[in-house]
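User: I am new to this structure. Please take a close look at one part, the salt bridges and what surrounds them, in one connected answer.

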Amino acid sequence: MSETTQDSADARDEQWPSKDSGGGTRKTVLYVLLGLMVVALGYDYLVARPAVNAAYDQVTEASMDANRKGVGFLSNTDVRELLGREPVQTFEDGRYQVEVYQWRGGLIVKPHKLYTVYMPNGGAWMFNRHAKFVYEASGVVNPDRPLVPVDDDEPPASYDEAEMSGGGGGGGPGAGGPEGERDAPQRPEAEGPDDEEAPAEEPAESDSPARPELESESTE
């Protein structure tokens, strides 16, 4: 009876593989993928990005040298020779021409790019600016902001309407300003109150009838 039980247990082990063997395989695969990710990130931050930064600095130094000399300019052909590679893409941004240089990143689906922007000059392309990793359109970097002419007769926007109409205490004539001070002595209404107060002396005239009595007393 015991031999029959042992044989049945061995048969089940042969039909169903051990779970430990499958778990070990999955762990191995996960460790391999994790190692590849670490290597890719290391290459991206230690090799690919520094290469783009170095190319960016090279173009910057070449542009500064051309400006110091004051003769000629840095062209797109000079940039190609300086970087030792050809652009992978060229497109237009308004009146500018943009050339794109590409470096393979740690992630194959996400390369790193350097953008060089040129403007026309005498039938050639003169270097204008450059950017790394992300490109910004010329409308964002150099926005066109035309100046709006302002008429000299138009008052500033900060003026109050009450001040412009003369009711603000300092804008109109006679309100405390220089013109108001000159006009103040010429106002005729300043003399009006004195003329109206003249009848106030009538009580003095009412005493005139008492004078004859004073004369009669003197005669007596």
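Analyst: Start with one term: buried means under 20% relative accessible area, exposed over 50%, and partly exposed in between (1.4 Å probe, protein chains only). This is a predicted model, where local features need pLDDT of at least 70 and side-chain atom pairs pLDDT 80 or more, while totals for chains, interfaces and linings use all residues. Numbering runs from 1 along each chain as its sequence is written, and side-chain values use heavy atoms, without hydrogens or water.

Now the salt bridges (Lys or Arg side-chain nitrogen within 4 Å of an Asp or Glu carboxyl oxygen). The structure holds five of them. Three are followed here, one after another.

Begin with Arg49. Its side chain meets that of Asp44 in a salt bridge. The N to O distance is 3.3 Å. How covered are the two partners? Arg49 is partly exposed, because its relative accessibility is 24%. Asp44 counts as buried, because its relative accessible area is 9%. This salt bridge therefore joins a partly exposed Arg49 to a buried Asp44.

Next comes Arg68. One of its partners is Glu61, and here the N to O distance is 3.7 Å. Asp65 also forms a salt bridge with Arg68. In that pair the closest N and O atoms are 2.1 Å apart. Glu61, Asp65 and Arg68 are thus linked in a network of salt bridges.

Where do Asp65 and Arg68 sit? Both are in helix α2, three residues apart, so about one helical turn separates them. Helices here are DSSP runs (H or I, at least four residues), numbered from the N terminus.

How accessible is each member of the network? Arg68 is exposed, because its relative accessibility reaches 54%. Glu61 is partly exposed, because its value is 40%. Asp65 is partly exposed too, because its value is 28%.

Now widen the view to helix α2, which covers residues 19-69. Val29 lies in this helix. Val29 is partly exposed, because 43% is its relative accessible area. Ala54 has its place in helix α2 as well. With 37% relative accessibility, Ala54 also counts as partly exposed. Ala54 can be placed against another residue, Leu83. The two are 29 residues apart in sequence. In space, their C-alpha atoms are 9.8 Å apart.

To trace this part yourself, go to Arg49 and its buried partner Asp44. Then go to Arg68, and from there to Glu61 and Asp65.

Notes
Helix = DSSP H or I, 4+ residues; strand = E, 2+ residues; numbered from the N terminus.
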